[in-house]
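Okay, I've got a few minutes on this one, so let me put it up on the screen. Shout if you want me to slow down.

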Amino acid sequence: FHGYDVSDPATPKEIWSNTYQNNARLTSARLLDGNLYVITNTYITRTAPCPLEPLSANGTSVVIPCERIFHPVTPVATNSTFTVMKVNTATGAVETNTSFVGTSSYKNTIYMSENAVYVTYSKSLDLANVFIDFFLTDGRGLISEATAKRIEKLRGYDISATAKFVEIEAIFEEVLSVNDRDEQLRLETEFENSITKYAKRRLRELTATGIVKIEVPSLEILHTGSVPGTPLNQFSLDEYNGFLRIATTLSGSGDLFFGSGESENDVYVLNDKLEITGSVQGLGLTERVYAARFIGDKGYIVTFRQIDPFYVLDLSNPSNPQMKGELKIPGFSSYLHPLSDNDILGIGREGSSVKLTIFNVSDPENPTEKDTYLLSNSWSEIQSSHHAFLNDAKHNIFFLPASGNGFVFSYEDGTMKLVKSISGINATRAIFINDFFYIIGSDSIVVLNENDWSEVNRLDL
């Protein structure tokens, strides 16, 4: 990534250049108070795990020695080292950095407040201990007392989780092998049924997300914590009055071979030390979170499977968060955006159409669908990237792209009206400067006058 001097727009000049190296990959980046915060992850290699050199800044490597890479005291499964770097936007220099080990996957989420960077990662499940616990509780009737004692003894062995799991498999295979085919079939069927019930009963113990809190701007690792389930994206986390709120989905399958098949959704409130102070659990049974937004002491969650439950949460008491209201409507919203104190815009789908909904939350216990609008287009980029959405509160309008077209809606008095549509430019983004609105496509830029929505200019790329 590069830094440019654009003081003379006609002749921009590159002033610095930084390069990712040694298989480091960009995870996310944020801009705060003139500093760029860059988060990378590097897969851990067995031969040379450190020192870590994730970045070359102006030709000089950023070197992170082993003793400066944070790792938890309790051994956990890891495959990556995450590095957070504060980059001076004027010079490109890395002024400070911090690194820690974790698990890299598509489930990593980065959220940044004015006070801290929060990095989440999926915590791997210790299958060996799970199966040991299963056979000594729910699965006790599948094994003899002698076998149970062997498994109990295995729990105390000072060997790796992988070695314990291999031993558990061998023990159960031995249990099956001494029986005829009919009894083997019964035991296997009972095993599948019992472990499914076990997974359902212990759903919140089988999937977990680790959270690392990093102070801004020093990048000191302050605290670590974890919550059951997995967040959807950065809007699933929010810091407010020193508390972190996070919405998660608990998959019914977990990491077990046979899961309960049922999912649930929770919202957790954590204090400044990342300790859970309260929670709202069991939202949208058999569904998953499609959108989340936290605004002040309220939270708004959308879950979906066949209908769209929109939940209103009261988070004013961190020790006793509550679900206040629920509205069920067809379709789903995958992005939520506040239009006013009482109106929340939802963008998603209903059937094969892009659906826009304005939820009124003036009465938290009775949220209503204030207005809705269906587009004939089947897809909007907003469903995968919130950057495609733009709201201009001055003119009470918002923009969204859909199937290559650009649409501008007004929302005066909470009612949506299509004020301008632009076709044929493969619209992807929009910006506004003063009273002029720029719709940006892959081959054209169209400029509109926001006072009367007339087209004032067009640039073909």
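So, β1 and strand β2, residues 13-20, run antiparallel and are joined by four bridges. To pick one pair you can find on screen, Tyr-4 has Glu-14 in β2 as its bridge partner. Before I go further: this is a predicted model, so keep that in mind throughout.

That pair belongs to an open sheet of four strands, ordered β1-β2-β5-β6, with antiparallel pairing. Which strands stand at the edges? β1 (2-5) and β6 (60-64) do, and each has a single partner strand, so one side of each has no neighbour in the sheet. If you ignore direction, neighbouring strands here are turned by 15 degrees against each other on average.

Let's move along the chain to another strand, β11, which covers residues 116-123 and is where Thr-120 sits. Buried or exposed, what would you say for Thr-120? Its relative accessibility is 0%, and the cut-off for buried is under 20%, so Thr-120 counts as buried. Who's around it? Skipping anything within four places in sequence, Thr-120 contacts Lys-107, Asn-108 and Thr-109, then Thr-209, Gly-210 and Ile-211, and also Pro-231 and Leu-237.

Now the helices. Eight of the 10 residues in α1 are buried, so the rest of the structure largely encloses that helix. The buried ones are Ala-128, Val-130, Phe-131, Ile-132, Asp-133, Phe-134, Phe-135 and Leu-136. What do they pack against? The answer is α2, α3, α4 and α5 (203-206).

That takes us to the largest nonpolar core, which has 25 residues. The members touching the most other members are Phe-131, Phe-134, Phe-135, Ile-151, Ile-168 and Phe-191. Two or more residues each come from α1 (127-136), α2 (145-155), α3 (161-177) and α4 (181-201). Which of them gives the most? That's α1, with seven residues.

Zoom in on Ile-168 if you can. Again leaving out neighbours within four places in sequence, Ile-168 is in contact with Phe-131, Ile-132, Phe-135, Ile-151 and Leu-154. As for Phe-131, Ile-132 and Phe-135, we just met them among the buried residues of α1.

One last stop, and then I'm done. There's a second core, separate from that one, with 19 residues, including Leu-339, Leu-345, Phe-389 and Phe-409. Okay, over to you for questions.

Methods. Residues numbered from 1 in each chain as written. Predicted model: local features only at pLDDT ≥ 70, side-chain atom pairs only at ≥ 80, totals over all residues. Heavy atoms only, no water. Core = buried A, V, L, I, M, F, W, Y, C linked by side-chain atoms within 4.5 Å. Buried < 20%, exposed > 50% of the residue type's maximum accessible area, 1.4 Å probe, protein only. Contact = heavy atoms within 4.5 Å. Pairing = 2+ DSSP bridges. Axes fitted to C-alpha atoms, helices over the stretch in contact; angles between N-to-C directions.
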